Amino acid sequence: SRYSLRRALFGFGPTGFPFEDFVAEIFKAKGYRTATRVMLKGKCVEHEVDMLATGEGRSIAAELKFHNDISYKSDVKIALYVHARFVDIMEAARNENGSSPVTESWLITNTKFTSQAIQYGTCAGLTMIGWSYPEKGNLQDLIEESGIHPLTCLTSLSKTEKMQLLSKDIVLCKALPDNPDLLRNIGMTEQKITKVLEESNLLCQPGAAR
């Protein structure tokens, strides 16, 4: 199941937008209000934040790094520039004697980090979430705790069909049983729709095997 879930995340490519939307759905399922691709003012420049999640007295700004290559590791240079961006955002609020729109900065990726990146993030207070990092609370844990499943886990959909749905901002498996017209709108036959919905209902229930 771990392999199938990880493979499904790589199916979000080639752009990072579906991954950003999917991570936002994870935080929604955990009770946060979320927004993606948000512009926030910094002390020096304006920044686009991939995801902003607010709730429970927390305001999490996250940089989401999607990679198509399973062997790719986010290195210390990425951790450095992500941390610098969020420091700039927090400094802007401090200079204006206001409250910062960000209380926590996170770096989330579907792959892994280098040891030096982890060392820097730990020292700088940057929360880093990867496929297998940290040992508890990693990306797989967040997905499983949320109870949601990526659209790309469905084997009854072709790669082209998945891309068509992703282009319409459909990233969750559970969206299909709720709205079968999404499948009709991409030209799918009723016989194929029945097959896809059967798999969706089987896989997309909370706690279902992936």
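Okay, quick definition before I start: when I say helix, I mean a DSSP run of H or I with at least four residues, and the numbering goes from the N terminus. Also, keep in mind that this is a predicted model.

Let's start with H2, residues 17-29. How does its length compare with what 13 residues should span? At 1.5 Å a residue you'd expect 18 Å, and the end C-alpha atoms sit 19 Å apart, so the two agree. A good part of H2 is buried: Pro18, Phe19, Glu20, Asp21, Phe22, Val23, Ala24, Ile26 and Phe27. Yes, Glu20 and Asp21 are on that list too. Just past the end of H2 you get Gly31, with a positive phi of about 100°.

So what does H2 lie across? That would be S1, S2, S3 and strand S5, which is 104-109. Against S1, the helix runs at about 120°.

Now the sheet itself. There are five strands in an open sheet, in the order S1-S2-S3-S5-S7, and the pairing is mixed. The edges are S1, at 33-41, and S7, at 127-129; each has a single partner strand, so each is left with one side that has no neighbour in the sheet. Ignoring direction, neighbouring strands are turned by 35° against each other on average. In general, strands of a sheet pair through backbone hydrogen bonds, parallel or antiparallel. For S2, residues 46-55, and S3, residues 58-65, the pairing is antiparallel, over five bridges. If you want one to click on, Thr54 has Ser59 in S3 as its bridge partner.

Right between those two strands is a loop, and that's where Glu56 is. This one has a phi near 55°, so positive, and it's not a glycine. Is Glu56 buried or exposed? Exposed, because its relative accessibility is 67% and the cut-off is over 50%.

Asp169 is another non-glycine with a positive phi, about 65° here. You'll find Asp169 in the loop between helix H6, 159-166, and helix H7, 175-178. At 57% relative accessibility, Asp169 counts as exposed.

While we're on backbone oddities: most residues other than glycine have a negative phi, and most peptide bonds are trans. So where are the cis prolines to look at? Take the bond from Gly13 to Pro14, which is cis with omega near 5°. Pro14 is in the loop between helix H1, 2-10, and H2. Then there's Tyr133 to Pro134, also cis, with omega near -5°. Pro134 falls in the loop between S7 and H5.

And H5 brings me to my last residue, Ser146. The helix covers residues 139-146, and Ser146 is in it. Why do I call Ser146 buried? Because it comes out at 13% relative accessibility, and buried means under 20%. What does Ser146 touch, leaving aside neighbours within four places in sequence? Ile26 and Ala29, and Ile26 is one of the buried residues of H2 I listed a minute ago. The side chain of Ser146 also reaches the backbone oxygen of Ile143, at 2.7 Å. For a sense of scale, Leu126 is 20 residues away along the chain, and its C-alpha is separated from that of Ser146 by 22 Å.

That's it from me, happy to take questions.

Key. Residues numbered from 1 in each chain as written. Predicted model: local features only at pLDDT ≥ 70, side-chain atom pairs only at ≥ 80, totals over all residues. Heavy atoms only, no water. Buried < 20%, exposed > 50% of the residue type's maximum accessible area, 1.4 Å probe, protein only. Contact = heavy atoms within 4.5 Å. Polar contact = N/O pair within 3.5 Å; in protein donor to acceptor, adjacent residues only side chain to side chain. Expected span 1.5 Å × (residues − 1). Pairing = 2+ DSSP bridges. Axes fitted to C-alpha atoms, helices over the stretch in contact; angles between N-to-C directions.
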